[in-house]
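Biologist: Before we discuss individual terms, please show the model. I shall then ask why each label has been applied.

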Amino acid sequence: MKRTILSLIALALVLGSAQAADKVEISLAYPVAVTAPIANIMNGYAEQFMAANPDVKVTLIFSGGYGDVKTAVQTAIQGKAKAPELAIMLATDVYDLVNARLVDSFDDLAKADKTGSAYLKDLAPAYMGNSYSAGKLYGIPFQRSAVVMYYNADLLAQQKIAVPKTWVELGSAAGKLTVDGGAARWGLECSTKNPYWLFEPFAISNGQNIFTDENTVNFNDPKVVEAVQFVIDLSKKYQGMPAGVTDSWGSSTANFIAGKTAIIIHTSGSLSNILKGAKFTVGVAPVPGKKSASVTGGGNIYLTPGHTPAERAAAWNFVRFITETERVVDFSTQTGYVPYRQGALKSKAWTDYVAKTPQAKAVADILPMMGPELATNALSDVKSAFNKYLEMAINGQMTPKAAMDMAQAEADKALKDYR
Amino acid sequence: MKRKPLLLPYILILPTFIFVTVFTLVPLGSSIAGSFFRQKLNVPKYHDPSWYGMGNYTDLFTDSTFLQVLRNTGLYVLATVPASLALALLLAVLLSGKFRGQTFFRLVIFHPAILPMVSAATLWLFFFTPGYGLLNQLLRLFGYTGPENWTGNPHMSLLSLCIVGIWKQTGFYMLFLLAGLQAVDKSVLEAARIDGAGGFPLFSRITFPLIRRSFLFTSTIAFIAAFQTVDHVFIVTLGGPSDSSNILLYYLWQLRFEKLNVGAANTVTVILVAVLLAFTITNFLASERHER
């Protein structure tokens with residue numbers, strides 16, 4: 001009897017492990033960065049994929065923000081442990097990730113895929129800017145966003161203020177909408193802590209992005225310096241925004257929803273949260289300037305190195321699955337992230353959605369106005385230099401020109417190893 | 001007389017020896033060796049380690065950001081260690097006598113120590129919020145209309161970190177000093193009182209010398225903790241604005257995981273360990289000399 005029971009247990013274990021061995025297991029490290037029900041949405045996609053592909057098991061690893069995922073991937077690869085096959089990391093990190101050998105190219109998988117070429121062509125060119133390094137494909141857009149201007153349309157109409165289209169209009173609107181020096185209401189909030197991303201549209205709207213390619217930055221270009229002066233003027237001259245470096249990334253959306261701030265510059269990723277909370281008509285527009293502008297943002301899906309052909313193939317299939325048009329539309333409508341497939345923008349589901357939610361259409365309309373987000377080699381050094389001196393200018397410790405000259409010099413020093 | 005086997009003491013310290021070797025000595029040795037090599041993972045030509053001699057040390061000590069980080073760390077340690085120790089000592093003295101509600105006050109004062117630093121920092125981030133932050137509201141009650149932007153002002157960001165650090169650690173240090181005070185022989189204090197001593201002279205000449213060992217131990221762990229605390233930097237200031245609140249351990253994390261500069265990160269580790277070791281040895285020697 002005892003022998004029979006033990007034999008049965010042994011058989012069950014062998015069969016169980018044989019069944020597990022048949023399955024290809026892959027995992028995706030995912031940064032949960034905004035207040036949208038992303039974990040549930042992603043779990044739903046993984047379940048749908050596993051139902052359609054019973055030979056594959058997908059595990060989603062939700063961890064902190066983009067930086068945490070990058071650290072986890074680094075630690076696993078450099079510690080010779082098994083890294084998650086797929087990871088969503090910042091699109092702009094592509095050069096550092098490739099140089100540090102933390103990611104692998106999708107090239108062979110895309111080429112082996114019969115519809116791979118058509119699929120890649122359908123991905124929005126604005127978002128594919130950070131997908132290649134040295135001509136090889138490393139990133140597939142996912143969870144992509146844009147910097148947009150949200151405004152309280154009812155309040156602007158009530159105060160007879162037109163939606164700002166130029167810097168002067170934005171400054172004077174912010175000043176007029178500020179009540180009691182900001183104690184009762186701020187006209188404008190734009191977080192100035194680590195400010196490069198929210199600042200970039202101001203530079204682009206003045207005709208010059210802060211970088212040209214992975215080895216060239218334009219920090220001390222006169223047009224960029226002008227944009228720095230304008231951001232300072234928003235509080236100093238127009239008295240429409242909190243003065244000095246202010247970390248209002250988290251609080252500005254809450255203040256906007258509560259009617260305590262009239263206009264905010266923020267990510268399109270906050271759209272669904274804002275629409276759910278606001279009790280007034282929310283307007284969405286590009287960042288004003290000589291030309292309306294925005295900047296890309298968000299993550300890409302990367303493939304990590306050191307996996308079997310079966311795992312790589314399963315990973316590619318999962319990437320294709322979660323970036324199919326219907327899921328791109330579903331993800332965008334549920335979160336506010338921008339649809340990154342051209343086919344998605346033409347789909348019936350999207351057309352129906354924007355008919356009911358014009359703010360989402362406004363975000364999609366901004367796509368052609370977007371410049372690329374700062375992406376260079378030695379990104380952390382370059383970004384730190386820019387943020388550090390821009391903060392010094394905002395805090396009045398240096399003039400915009402002197403600050404940007406210093407930022408340029410430090411960034412050039414960091415980039416000299418690549419030139 | 002039969003001699004005891006010599007092997008037993010070695011067996012007894014073996015687990016600790018293995019633990020210290022694997023988790024302290026080997027990584028430290030690896031960091032010391034790595035500090036003489038140039039390795040930047042995101043620069044193809046420096047991806048693999050190459051001999052750099054004292055290059056990493058020279059680079060760091062000529063880098064204005066690193067010098068600022070060293071200054072910030074020095075200020076942070078000098079501000080938080082004496083302040084939290086003085087407060088801890090004061091609270092320990094106040095809570096050592098018997099009075100009604102003693103347990104309640106001990107619990108209230110000790111509770112920040114059991115909170116994770118991330119929770120404590122998040123709580124304080126709310127207090128520091130410009131406009132409606134509790135700290136600013138409190139200061140306004142006293143008619144203060146000064147700087148509001150605690151974490152965004154380069155002259156106040158480090159102070160904000162110090163406040164969080166002191167609030168979090170004082171209760172923990174108080175516990176050790178309270179234990180020291182309770183271990184003091186009451187008859188000695190009684191004798192001093194009979195001789196007419198009391199108040200501050202009694203404390204400074206009799207009580208404090210008797211708890212000196214507890215105080216030295218507490219000051220050593222306070223000093224080490226001040227260098228090791230980093231969680232609140234991630235929550236409250238991220239080292240900014242413009243590196244005004246960047247301290248050594250946070251900078252080390254940035255070098256290793258953001259800038260992918262392994263050589264420089266190893267060098268900062270060696271510098272950090274050297275500083276801590278120098279303090280601990282000095283403190284230990286001073287304490288031992290006093291004992292003799």
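**Labels and their cut-offs**

Modeller: Leaving out residues up to four places away in sequence, A:Glu311 touches A:Val24, A:Glu25, A:Ile26, A:Lys82 and A:Glu85, where contact means heavy atoms within 4.5 Å. The model is predicted, so that local features need pLDDT of at least 70 and side-chain atom pairs count only at pLDDT 80 or more, whereas totals for chains, interfaces and linings use all residues. Residues are numbered from 1 along each chain as its sequence is written, chains are lettered from A and ligands numbered from 1 in the order in which they are written, and side-chain values use heavy atoms, with hydrogens and water left out.

Biologist: Why does A:Glu311 count as buried?

Modeller: Buried means under 20% relative accessible area, exposed over 50%, and partly exposed in between (1.4 Å probe, protein chains only). A:Glu311 has a relative accessible area of 14% and is therefore buried.

Biologist: What makes A:Glu311 and A:Lys82 a salt bridge?

Modeller: The label requires a side-chain nitrogen of Lys or Arg within 4 Å of a carboxyl oxygen of Asp or Glu. The closest N and O atoms of A:Glu311 and A:Lys82 are 3.2 Å apart, and the pair qualifies. A:Glu311 lies in helix α14 of chain A and A:Lys82 in the loop between α3 and β3, so the bridge ties together parts that are 229 residues apart in sequence. Helices (H or I, at least four residues) and strands (E, at least two) are DSSP runs, numbered from the N terminus. A:Lys82, at a relative accessible area of 54%, is exposed.

Biologist: Why are A:Lys348 and A:Asp352 said to be separated by about one helical turn?

Modeller: The two residues are four residues apart in helix α17 (residues 348-356) of chain A, which means a separation of about one helical turn. An α-helix has 3.6 residues a turn, so residues three or four places apart point the same way. The closest N and O atoms of A:Lys348 and A:Asp352 are 2.7 Å apart, and the pair forms a salt bridge. A:Lys348 is exposed at 61% relative accessibility, while A:Asp352, at 36%, is partly exposed.

Biologist: How many salt bridges does a search of the whole structure find, and which residues are linked in a network?

Modeller: The search finds 20 over all chains. Salt bridges link A:Asp113, A:Asp122, A:Arg320, A:Glu324 and A:Arg341 in a network.

Biologist: What makes a set of residues a nonpolar core?

Modeller: Such a core is a set of buried Ala, Val, Leu, Ile, Met, Phe, Trp, Tyr and Cys residues joined through side-chain atoms within 4.5 Å. The largest one has 66 residues, of which A:Met42, A:Ile140 and A:Phe318 touch the most other members. Helix α14 (residues 309-322) of chain A gives the most to this core, seven residues. A second, separate core has 62 residues, including A:Met149 and A:Ile265.

Biologist: How is the area buried between chain A and chain B obtained, and what is its value?

Modeller: Buried area is the accessible area (1.4 Å probe) that two parts lose on being put together, summed over both. Between chain A and chain B it is about 2,300 Å², with 42% from carbon and sulfur atoms. A:Lys193, A:Lys388 and A:Asp417 supply 22% of the area that chain A buries against chain B, more than any other three residues. Each of the two chains brings 28 residues to the contact.

Biologist: Which salt bridge does A:Asp381 form, and how do you know that the label applies?

Modeller: The partner is B:Lys259, and the closest N and O atoms are 3.6 Å apart, within the salt-bridge limit. Across the interface of chain A and chain B, four salt bridges are found. Helix α19 (379-394) of chain A is among the helices that each supply at least two residues of the side touching chain B, and α19(A) gives the most, six residues.

Biologist: How many residues of each class has the side of chain A that touches chain B?

Modeller: That side has six nonpolar, 14 polar and eight charged residues. Ala, Val, Leu, Ile, Met, Phe, Trp, Tyr, Cys and Pro count as nonpolar, Asp, Glu, Lys and Arg as charged, and the others, Gly among them, as polar.
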